[in-house]
Every structure is written in C-alpha cells, then in structure tokens.
Amino acid sequence: MQHTPRLSALSLAIASLFTVSAHAADAAPDATTDAAPQEMQTVEVTSAHLRSARIELSPKVGTTIYSIDSHMVDMLGQGDNTPFNEVLLRLPGVSQDSKGSGALHVRDDHANVQYRINGVQLPESISGFGQSIDTRLIDKTDFITGALPAQFGLRTAGIVDIETKEGGMTPGGRIGILVGSHNHIEPSAEFFGSVGKFNYYLSGSYLGNSLGVENPQDTRNALHDKTRQNKSFGNLSYFFDDNTRLGAMFGTYNGRFQIPNNPDQAPGFTLAGRSDAQAGTSTLPSSQLDENQREVNRFLVLSLQKSLGDLNYQVSAFHQYSQLHFTPDPIGDLIYNGVASDSRRSNSASGAQFDISYKVHQDHTVRAGLAYTRQKTGSDNTVGVFPADENGQSAITPITIVDNSGKTGTLASFYLQDEWHISKPLTLNYGVRFDKVSAFTEEQQWSPRLNLAYQVAPGTAVHAGYSRYFTPPPQELAAQGSIDLYANTTNAPEIATSDNVKAERTHYYDIGISHQVNSKLTLTADAYYKKITNLLDEGQFGQALILTPFNYAEGYAKGLELSAIYAEKDWGMFLNASTQKAQGRNINSGQSLFGADEVAYIKNNYVFLDHDQTYTMSGGGHYHFGDSQVSADFLYGSGLRMTPDGGAPNSGHLPHYFTVNTALTHTWKNTPVGKVEGRLALINLFDKSYLLRDGSGVGVGAPQYGARRSLYAGLSTSF
C-alpha cells in the first residue's frame, strides 16, 4: 500500500493503496498498441489528454483528499462486488449506519454527500435500501472533505468525485459471478472498446439474496428479507478532434426488497375479527407480515468538453428520475402500528452545468461555473388508520385517508475563484459562491471560500481553510403531508403544528498536515470545526424507510482524523482513526414528527445527533505472493446514539463493535477463456453479533443488527 501526497495542493491522498497487486486492474481496458491502427492509438492518447483537462477544471487546493483506485477495491472481501458504501467506510471520518440502505456519515453529517461522475454533479435520488452506483464501473474516486473551494456546494459533507472506466484500443470485457451465504448470487459483465473515434464502456449486474435489509433480530437469518436488484451503466464518447469530446453517460437501478419481520410482537390495536389489543391476541402473527419496498433510479448525462490550451470548459445537460414505493401489510400494519400507509415518493430532475477554467498567468488560474436544476417531486399516500380520541383508539373498523402532494422547485448556483501560486511552496485558492433554492423554502446565500496550501519541506505539507456553506433541504424528501388530515385518528401527531424545513448555514474551519516519514510510511492528521445554524438532520418516521428532514435551530460538529499508510514491495497496510462530536439544540421544523416531551427537552438543551459516533477506526493489509493475494480489513465503531429508558434523547450509545473481513484471490493468466481470477472471502470472520440501531433515539426506526459471518466465492474471466 502506497500513499502519494499531492503536495502541490497539500492534500491527503490514498492514491495507490496496493500497487504491487498485478491482477488488481484486470477489469480496466488493456492497451495493446503493437497491432492497433494509428487512429485507435490517437483516440487513446486524446482520451487521456481530455481526462487530464477535465480534472484541471476542479481545484482541490487546501482540501483533504483520499483517493480510491482498483487496487484498494481488489483487497476488500468481495472485490468489485463490494457495495460502494462499504468501500467508502474504509476512509477516515466515515462511519456506518444501515448497510442495506447504503447510509453512511461523513464527519458526523447525516447524508449531505455529493456524487460527481466525470465532473458532473448528479441530482439526488430518493433515499432507500439500494445503491445505484456500482463499484465495478469506477476507475478512480477522489473523496474530498474539509473546507471546500467555491466550486463545490449544496452537499458538502464529502465530495465523491468518480472517474469511470472508459473504452480501450483493444475491445474486451469481463464476466464474473459471486455466490455465497444468504442465497447470495451476483452475476456481472463489463464490455469496452473503440470503433474509430467512438469509445465505449458498458457494465451490468444482478443481485439476489435473502438478507437485503438489516435483521431486526439477533439471529443468523432474517424472516421475510429477500432482495432482487439490477444495475446498468454506460459511458460513451466521440472525439471530434484532439481537443473536443462529446460524451454520454447513463445508469439504471431497480431494486425490490422485503421488509424483515420481528416475531412475537404484541398487537397494539384492535381490528374487528382479527385482533384484540387488550387480550394481546391476533390472527396474524408479526412473523408473517408482508411489507415490501421497490426502488427505481435512472439518469442520463450529455457533456461537451473542449480544451484550448490555457482554456478548458465542459457543459453538461442531465436528467434523473427516482421513485420509492412502500407497500404495507394492510392488515398487519393496522394491528401492530395502527397505521397502514401505501407510500410512493417520486422525483424528476433536469438541469445543466457549466464549468470553465482559464490560466490567465503562470501564477493565476481563474475558474467559474453555473448550475441550474429544476425538480418535480410527488408524494402519494393512501393511509389506513383507526378513529381515535383523547383516550386512544375509539373504533375497531379502519378508515382510509388519501394524502397526496407535489412540488416543483429550482436550485441555481454560481461560483468564481482564483488559484494563486504566491510562491513555489505556497498556494492560495480564494473565491465566492452564490446558491438559491426555491421549493419548500425560499432562501439564498453568498458564500466566501478561502483555502491555503503550504509545502513546509519535501514530503511535508500543511493546509488550512475556511468555507461558508449553504445546504438546502433535499426536496425529494421534504414533503410531510397534511397534519390536519389525521386529526382524531391513530396517526395524529402529539404536536399539531409543524414549520417548513429550512436551509442549513455553516461556518466551516479545517486544518491538516501530511508527512512522508520515508518512502514507505506516510502519516496524516486533520482537524475540523463546524458552527451551524438550522442544522439539517434526517429521520425515519414510520414503517417505510423514507427519510424525512428536519432542523435543529443551532448546532456544531468537531473532530480529528488520523491516518497511516505503509507500503513494501509485496505487502502493505493502512490504519485510520477518528474522533468526533456533533450536537444540536431546539427542533425548529417538522415538530409534528416528534413527541411533545422530546421537543420540549431539546428546545433548551443540546443533544447528541442520533448518528454521532465518538470513535471510528478502519484498517487493513495485504500480502502478495506469486499470482495470489491474501488480504484482511477491519471496522471498529464505539456505537451510534440511543435513548436509554427514562434518559434524555440520544444521551446513551450502543455497544461498540469490531468486525474483520478476509479474502484470498488467485489469478490464472493464460487459460483458453482468458485471464481468470478466483476469490474466497469471509465477511465478519469472528461471527460478531452487533447492533447498528436499537430502534430508540431521535428519528430512528426499527432495530438493526449487523450481518453475521458470511462466506463468498467468486470467479471471473477477462478477455
């Protein structure tokens, strides 16, 4: 494992974590130039040139950057079948939540992560169990945190900047399959190549298993927990000349999930002919409920990139559609929850993005950009409830309420910045950003940014920065329905009024250092502090895993991250550790989502955010021998927040957890079907049982246990 500090930008980079793994990049297009036509060679060189020009559009001066490539992915247990959020969990400052939904927290933020593919910021999709980004399509990812330059806005906890694979001169591909515990089966395929000036990369995969969502029980297998998912991706390019490329990207995701059951629950409500809450009897046991969720996400991006020496620009148009549909057990949900809600959320977003850079002087590079997005969101709910009064349920025959709403909103942004090389070791990037949101809230903000990078000595770099952030609430999640519709029912909130969610405004300070002790060992450290107004958080309120945003009037977050990377010829190791703290006070939007006692306490007291985790660690290593590699990695967390019986909201935390994964891979280079790789992996090697959530806390749904020991075997061939 090798750490490559970007000293010119004074960033942190895990650039080539396992460079000695000769078979790690088998899925990438090979460059066999001896017999290739001159035209194809030209396309290859032009592609590399334009990729470098596109990278230059995005400054990273004064930020913290961790780079992930195929070498790091290869050492993880499931290789490029590893869910993308699991890859990101191996980075400093990233902690896990529900694995099934892909939820993770960066520097104690809930979500607030921006995904960019080939320089284009993707519109947000509706949160759910699935992940629409497939790890195998990624050539390299820069994970950027800290005080960000003016180019990056809206979602700012972390920037996941993805460079996808592209076609090569020699057509080829890769076909593989992974099978394992919990009836896991995952076939996949990739194809790439060039035809004249046309370059293509296509990938697709299917996933089926019986552990789609975290188990609410401490058992090896969950009840009613099957999932079926398929994904596709394409990256197409046409090169008009050496400096001009027209590109198209598309992606699709379809996922179906059963919601796992928690047996031996007592009925909470009486339904005529089916249950008696007082007697604790029901004709439908909780182990036999049939709740399901379906998710859809698809996007299309068209981009024109032009490089004219000192002037580079890219203009893109995009469209994204996502939908989440939760179908309840119409009888069981009424018996156990008093509410059976058939809920559908949809989001359609279209827009454009323009980025340009111009080197006006050898010491000054000016960058500017515009972005505009128009979103149309819908929330359709058909809700079964019981009539109720101040004494509780007042009738045993349910009624149906239709609660539909929609919203069209816009996001508009502009930025201007200058990268100034004051002297050889000192670089300053300063700029300003303007953002405006018009949806459930009408707000705007000018945000100054200042980033400083200084190379103290060869191998030693420091950076510092200040950024003002403006984070609008996610429009696709913000609809909360009409409170009045549920008056005098079992779905009536304790608090009958609720303010609209607001945009978060943050003062962000960051400082860090990277020191290369020698050619084999690199150490890094980074500290940050955030002072926040209208702190945004999200919670699950109800059976469906549809998150809903709300605000704390004020809050803060602070933390420290440490990283060490050691690399030898045939082996390497990495270790990350972080400590963090985040608190908020006074819930000032979405009050109807909470209990009256919770809101009253939080109004005058700081409480920990439900996703706060004091200590997080990750690490791993590999050893390469011949055509084989053995690797292992671990995750440690001190436990997310919970509310103890009789205690203040989020005042306790769950027990710590420590999980270890191992993998063994072997490559057969010359076979009749091409290069073949075999893989064996044990996930949660020591079969640890641990709680990610216990169902308590502010905005927390059902209990969730981490997966027990799982065995996987994979086989793939590259041709």
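**Reading strands, burial and contacts**

Trainee: Where do I begin, and how many helices and strands does the protein have?

Mentor: Keep in mind that this is a predicted model. The protein has 6 helices and 39 strands. Of its 719 residues, 58% count as buried.

Trainee: How do strands come together in a sheet?

Mentor: Strands of a sheet pair through backbone hydrogen bonds, either parallel or antiparallel. Here, 5 strands form an open sheet in the order E1-E7-E8-E5-E6, and the pairing is mixed. Strand E1 (64–69) and strand E6 (120–121) are the edge strands, each pairing on one side only.

Trainee: In what sense do strand E7 and strand E8 pair?

Mentor: Strand E7 (residues 138–145) pairs with strand E8 (residues 158–164) in the antiparallel sense, over 6 bridges. To find this pairing in the model, look for Ile-138, which stands opposite Thr-164 in E8.

Trainee: Let's try a single residue. Is Thr-244 buried or exposed?

Mentor: The cut-off for buried is under 20% relative accessible area. Thr-244 has 8% relative accessibility, so Thr-244 counts as buried. You will find Thr-244 in strand E13, which covers residues 244–258.

Trainee: Which residues does Thr-244 touch, leaving out those up to four places away in sequence?

Mentor: With those left out, Thr-244 touches Leu-50, Tyr-238, Phe-239, Leu-304, Gln-305 and Lys-306. For the protein, among contacts with a separation of 6 or more, 70% come from residues 24 or more positions apart.

Trainee: And what about the surface?

Mentor: The protein exposes about 27,300 Å², and carbon and sulfur atoms supply 57% of it.

Key
Residues numbered from 1 in each chain as written. Predicted model: local features only at pLDDT ≥ 70, side-chain atom pairs only at ≥ 80, totals over all residues. Heavy atoms only, no water. Helix = DSSP H or I, 4+ residues; strand = E, 2+ residues; numbered from the N terminus. Buried < 20%, exposed > 50% of the residue type's maximum accessible area, 1.4 Å probe, protein only. Contact = heavy atoms within 4.5 Å. Areas by Shrake-Rupley, 256 points an atom, 1.4 Å probe, with all protein chains shown as cover. Pairing = 2+ DSSP bridges.
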